[in-house]
Amino acid sequence: MNIIRVKDYDELSEKACELLVNEMEKSDSSVLGLATGSTPEGLYQKLIDEYKKGNLSFSNVTTFNLDEYVGLAASDPNSYRYYMNEKLFSHVDLPDEQAFLPNGAAEDLEKECRDYEALIKDAGYVDLQVLGLGLNGHIGFNEPGTPVDSRTHVVELDESTRKANARFFKSMDDVPKKALTMGIGTIMESRQIILLVSGEKKADAVKRLVNGMVSEEFPASILQKHENAILIADEAALSKV
Ligand code: GLP
């Protein structure tokens, strides 16, 4: 895994934007894997800026998001579909029918997972996958212990993950207990992966990622085995490495 060290969050967003723009320029039908959370917000803003300057178009791009909460409809402000609409999709020329997220409100969740996996496969898998890092090493919503060959599946969220994400909800009770996520096997099929990590609160996780062993107990560590994975981290996140 290559490491790109940047000064701060702004530089991290800039660097990530550059890599996505490169990918979109390389192919006329890129498949991008997208993440939610606070970390990619700066990246999305920079992509919107580039689009508004006329420097890029999403018209031939297909996107697959990593995950979605179970039980939240697209209209729920805490759903990841809503987040993506707000932070990126509604500001650029990405056609609705080319922007995929698992549907957390589906009646048959197992079928939804199978269908989502099939859609990714039909699209030829992801060219460039953006990832954030959970404090416990989760990627997407693949919590510690998730098998490395897992495919899109339903997960029971760790209490620590629910607490970390509670800041977006009215109360802890409102934080969903389950989610749908691409599996680690699905993520590892991506041709290129960029893992974005910013801030001191992630420093212990980054240390374990960079210096620790590859282990299912720390899901992001599997990225060490990917041929084309890049960690982009700022000085604060790398402060313990
Ligand atoms: C969430 C998401 C992940 C995200 C991670 C880190 O639980 N499911 O996809 O990468 O947590 O979030 P943040 O960037 O807000 O620290």
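These legends go with four close-up views of a predicted model.

**View 1. The ligand and the residues around it.**
Let's start with the ligand, which has 13 residues around it. The closest are S38, T39, D67, R167 and K202. Three of these residues can be looked up by their polar side-chain atoms. For T39, such an atom lies 2.4 Å from an oxygen atom of the ligand. For K202, a polar side-chain atom is 2.7 Å from an oxygen atom of the ligand, and for R167 the distance to a ligand oxygen is 2.9 Å. How much of the ligand's accessible area does the protein cover? On its own the ligand has 390 Å² of accessible area, and the protein covers 96% of it. If you look at the space that the ligand takes up, you are looking at the largest pocket.

**View 2. D127, in the loop between helix 4 and strand 6.**
Here we move to a loop that follows helix 4 (109-122) and leads to strand 6 (128-132). Is D127 buried or exposed in this loop? Its relative accessibility is 13%, so D127 counts as buried, the cut-off for buried being under 20%. Find the side chain of R191 next: the side chain of D127 makes a polar contact with it, at 2.9 Å. Setting aside neighbours within four places in sequence, D127 is also in contact with other residues, including E23, S29, S30, V31 and Q192.

**View 3. Y125, another residue of the loop between helix 4 and strand 6.**
Stay with this loop and look for Y125. What is special about the backbone angle phi of Y125? Phi is near 65 degrees here, which is a positive value in a residue other than glycine. Y125 has a relative accessible area of 17% and is therefore buried.

**View 4. S59, in the loop between helix 2 and strand 3.**
The last view shows the loop that joins helix 2 (41-52) to strand 3 (62-65), with S59 in it. With a relative accessible area of 33%, S59 is partly exposed. Which side chain makes a polar contact with the side chain of S59? The partner is the side chain of S57, at 3.0 Å. Leaving out residues up to four places away in sequence, S59 touches D93, P95 and Q98. You can also trace the chain back to D28, which is 31 residues away from S59 along the chain. In space, the C-alpha atoms of S59 and D28 are separated by 9.2 Å.

Methods. Residues are numbered from 1 along each chain as its sequence is written. This is a predicted model: local features need pLDDT of at least 70, side-chain atom pairs count only at pLDDT 80 or more; totals for chains, interfaces and linings use all residues. Side-chain values use heavy atoms; hydrogens and water are left out. Helices (H or I, at least four residues) and strands (E, at least two) are DSSP runs, numbered from the N terminus. Buried means under 20% relative accessible area, exposed over 50%, partly exposed in between (1.4 Å probe, protein chains only). A polar contact is a pair of N or O atoms within 3.5 Å; within protein, one must be able to donate a hydrogen and the other to accept it, and residues adjacent in sequence count only if both atoms are side-chain atoms. Contact means heavy atoms within 4.5 Å. A residue is near a molecule or strand if one of its heavy atoms lies within 4 Å of it. Accessible areas come from the Shrake-Rupley method with a 1.4 Å probe; for residues, only the protein chains shown count as cover. On a 1 Å grid over the protein atoms alone, a cavity is a set of points where a 1.4 Å probe fits but cannot get out, and a pocket is an open set with protein on both sides within 12 Å along at least five of seven lines; lining residues have an atom within 4 Å of a point. A molecule sits in a cavity or pocket if more than half of its atoms lie within 2 Å of its grid points.
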